[in-house]
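Please work through the exercises below with the sequence and the coordinates open side by side. Each task is followed by a solution that proceeds step by step.

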Amino acid sequence: MSKLEDIKKRLSEGFDVYEESVKSSEDTIYGLTRGPGNDKRLYVEGPGAEIFSGEVKTDEVKLCPLSWDNAKELMEVFSWLDPSLPSADPSFGFGDRLGLATPGHVKAVGKKEVFPVFAQQSIREMERTGRSPEDVMNTAVWGVFETGYEGGFAADADHLKSREAIKKTAKVGFNMFTCDPSEHVNPAADRLLGEELEEAFRKIDRGEELLEKYSGREYGASLPGRDYQFASTFQPEDVKRAIVKYFPAVKFAVDSFNWVSEARDDQFIFEVSVDETETPTTPLEHVFVAKELTERGVELFSLAPRFVGNIQKGIDYIGELDRFEEQLKAHAAIASSYGGYRLSLHSGSDKFSIYPYFAKYLGENVHVKTAGTSYLEAVRLVAEKDPELFRDLHDFALERFEEDRATYHVETDLSKVPSPCELPDEQLPELLDRDDPRQVFHVTYGSVLSQKENGDFVYKNKIKDLLKEYEERHYELLENHLGHHLDLLT
């Protein structure tokens with residue numbers, strides 16, 4: 001009798017077993033089950049059952065809740081459930097705002113040559129969705145276990161802005177830390193001229209030392225295996241502008257790296273993100289940031305500059321592709337020549353027109369982050385399976401949009417958002433293929449998922465119940481949509 005048949009024999013009627021999850025270790029059998037009400041439980045049979053908390057079925061069989069404590073015990077049994085360091089392949093972050101998407105993300109990865117980040121969420125997103133670092137890690141671990149995926153994955157504590165946030169995420173096992181020093185970037189630096197620039201420069205500690213270090217120096221970079229050279233000279237005004245714009249952010253990033261080093265007692269990967277700024281990062285500014293970070297001991301895994309063009313949430317790139325390509329080549333050459341780190345694309349959801357350039361010029365040295373696009377596939381399923389709930393979500397999202405868009409870079413035109421009441425049910429999913437409706441749902445996720453009535457998360461619970469009921473369709477939507485991302489990137 002196979003392990004799967006053995007588990008089915010011991011379970012009550014109405015229980016299913018996820019076949020890929022069935023594993024054994026030291027005379028103990030493990031598997032993920034799904035019972036009445038779509039309730040998932042860990043099945044443990046054998047002497048190893050004693051370390052897990054749950055309902056005792058027989059002397060050696062337990063059905064255990066998918067708790068964080070049980071996840072930690074299972075991670076001790078199967079090391080592939082523990083976050084690991086990335087391989088040499090391109091890396092890709094799968095954000096999961098509802099905690100149900102990881103199996104679909106695993107299916108999207110399939111046999112593609114990509115290293116996944118299955119646990120990825122910022123503190124801001126955790127607060128807006130009512131989640132915690134433990135919950136983000138927990139749902140990712142159980143999602144990986146459900147699929148039997150043993151290829152390794154990382155856990156990214158995204159957009160970190162404080163020492164406390166670093167400590168909280170390090171404590172539960174995150175092994176990738178994305179420093180967001182955007183509050184320390186001076187976006188006005190690009191507009192400062194004459195005395196205004198001089199005044200801002202004089203306020204920067206060690207400014208004169210840095211001015212002398214870079215002024216008049218030519219910096220070059222090349223792309224391995226390609227006939228491309230970048231070379232440019234720092235003029236005094238360029239140096240002052242780079243110092244004013246980025247040096248306080250550099251100091252914060254150095255502090256953050258040191259805080260992570262204190263919080264982690266083993267290896268980790270570190271990213272610095274300066275993408276959430278008003279103006280693009282010039283190649284020379286990139287040189288400045290990279291040199292100052294690496295010379296201060298920061299070991300960069302990846303750096304996210306602010307690229308040229310219009311990179312909005314949840315939709316494709318807007319801008320001149322020729323210009324983007326030229327700038328990307330320069331940034332890729334600098335990343336290769338000044339540390340060998342990866343270039344990171346944030347707000348990477350659905351940037352289909354520029355993925356081929358990353359594949360062409362960066363190869364494996366690229367990291368991409370997505371989050372909202374997986375949530376939008378969940379909303380698409382709602383549109384397919386429960387049109388009335390979708391219409392309610394749409395109306396509520398429109399009410400919240402103007403306030404919620406304040407923390408996002410979007411140029412949504414609400415006049416291009418049709419009313420779902422005017423559309424037949426079968427056309428509702430098509431709204432998720434249009435830029436403006438996509439962004440309405442994308443930026444209002446926090447309001448939707450935190451909305452309460454009589455103490456109940458009215459929308460979040462209904463969405464999650466629907467995703468559980470139509471689980472295979474949810475996974476299929478994720479596999480197709482995120483798989484398309486990966487196909488273009490790899």
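The exercises that follow concern a predicted model, and they move from sheets to helix contacts and then to empty space.

**Exercise 1. Work out the strand order of the open sheet, its edges, and the helix that lies across it.**

Step 1. Begin with the order, which runs E1-E2-E3-E5-E4 through five strands, with antiparallel pairing.

Step 2. Then look for strands that pair on one side only, and these edge strands are E1 (16–25) and E4 (55–58). Between neighbouring strands of this sheet the turn is 20° on average, direction ignored.

Step 3. To check one pairing in detail, take E4 and strand E5 (residues 61–64), which run antiparallel and are joined by three bridges. One pair of partners to locate is Val56 and Lys62, the latter in E5.

Step 4. Finally, add helix H1 (residues 3–10), which lies across E1, strand E2 (28–34), E3 and E5 and runs at about 120° to E1.

**Exercise 2. Establish how the strands of the barrel are ordered and whether their pairing is parallel or antiparallel.**

Step 1. Recall that strands of a sheet pair through backbone hydrogen bonds, in either a parallel or an antiparallel way.

Step 2. Following the pairings here, one finds that eight strands close into a barrel in the order E6-E7-E8-E9-E12-E13-E14-E15, and that the pairing is parallel. From one strand to the next, the twist averages 25°.

Step 3. As a worked example, strand E8 (residues 154–160) and strand E9 (residues 176–179) run parallel and are joined by three bridges, and Asp156 has Met176 in E9 as its bridge partner.

**Exercise 3. Describe two helix contacts by their geometry, their residues and the classes of those residues.**

Step 1. For the first contact, the axes of helix H9 (residues 236–263) and helix H10 (residues 283–295) cross at roughly 35° and come within 9 Å, and the crossing is right-handed.

Step 2. List the residues that meet: H9 brings Asp238, Ala242, Ile243, Lys245, Tyr246, Phe247, Val250, Ala253 and Val254, while H10 brings Leu284, Glu285, Phe288, Val289, Glu292 and Leu293. Sorted by class, this contact has eleven nonpolar, no polar and four charged residues.

Step 3. For the second contact, helix H12 (residues 355–362) and H18 have axes 7 Å apart and pack at an angle of about 40°. On the H12 side Tyr355, Pro356, Phe358 and Ala359 meet His485, Leu488 and Leu489 of H18, which divides into six nonpolar, one polar and no charged residues.

**Exercise 4. Locate the two largest pockets and describe what lines them.**

Step 1. The largest pocket has a volume of about 560 Å³, and among its 29 lining residues Gly99, Leu100, Thr139, Lys464 and Lys468 lie nearest its centre.

Step 2. Two or more lining residues come from each of strand E3 (40–45), helix H5 (133–147), helix H17 (458–469) and helix H18 (471–489), with H5 giving the most at six residues. The classes are nine nonpolar, nine polar and eleven charged.

Step 3. The second largest pocket holds about 400 Å³ of space. Of its 20 lining residues, Asp275, Glu276, Thr277, Arg306 and His409 are the closest to its centre, and the lining divides into seven nonpolar, seven polar and six charged residues.

**Exercise 5. Count the cavities of 30 Å³ or more and characterise the largest and the second largest.**

Step 1. Rolling a probe the size of a water molecule over the atoms shows where empty space is left. Here the count comes to four cavities of 30 Å³ or more.

Step 2. The largest cavity contains about 240 Å³ of space and is lined by 22 residues, of which Glu125, Asp158, Lys313, Ser347 and Ala371 are the closest to its centre.

Step 3. Strand E7 (115–122), helix H4 (123–129), E8 and strand E15 (366–370) each supply at least two residues of this lining, and E7 gives the most, with three residues. By class, the lining has two nonpolar, twelve polar and eight charged residues.

Step 4. The second largest cavity has about 60 Å³ of space, and its lining includes Gly95, Asp96, Arg97, Ala371 and His474. Helix H13 (residues 372–385) contributes the largest share of this lining, three residues, and the classes are six nonpolar, three polar and two charged.

Note on methods
Residues numbered from 1 in each chain as written. Predicted model: local features only at pLDDT ≥ 70, side-chain atom pairs only at ≥ 80, totals over all residues. Heavy atoms only, no water. Axes fitted to C-alpha atoms, helices over the stretch in contact; angles between N-to-C directions. Helix = DSSP H or I, 4+ residues; strand = E, 2+ residues; numbered from the N terminus. Left-handed = near helix turned anticlockwise from the far one by under 90°. Contact = heavy atoms within 4.5 Å. Nonpolar A, V, L, I, M, F, W, Y, C, P; charged D, E, K, R; others polar. 1 Å grid on protein atoms, 1.4 Å probe; cavity = no way out; pocket = protein on both sides within 12 Å on 5 of 7 lines; lining within 4 Å. Points joined across faces, edges and corners; volume = space filled by probe spheres on them. Pairing = 2+ DSSP bridges.
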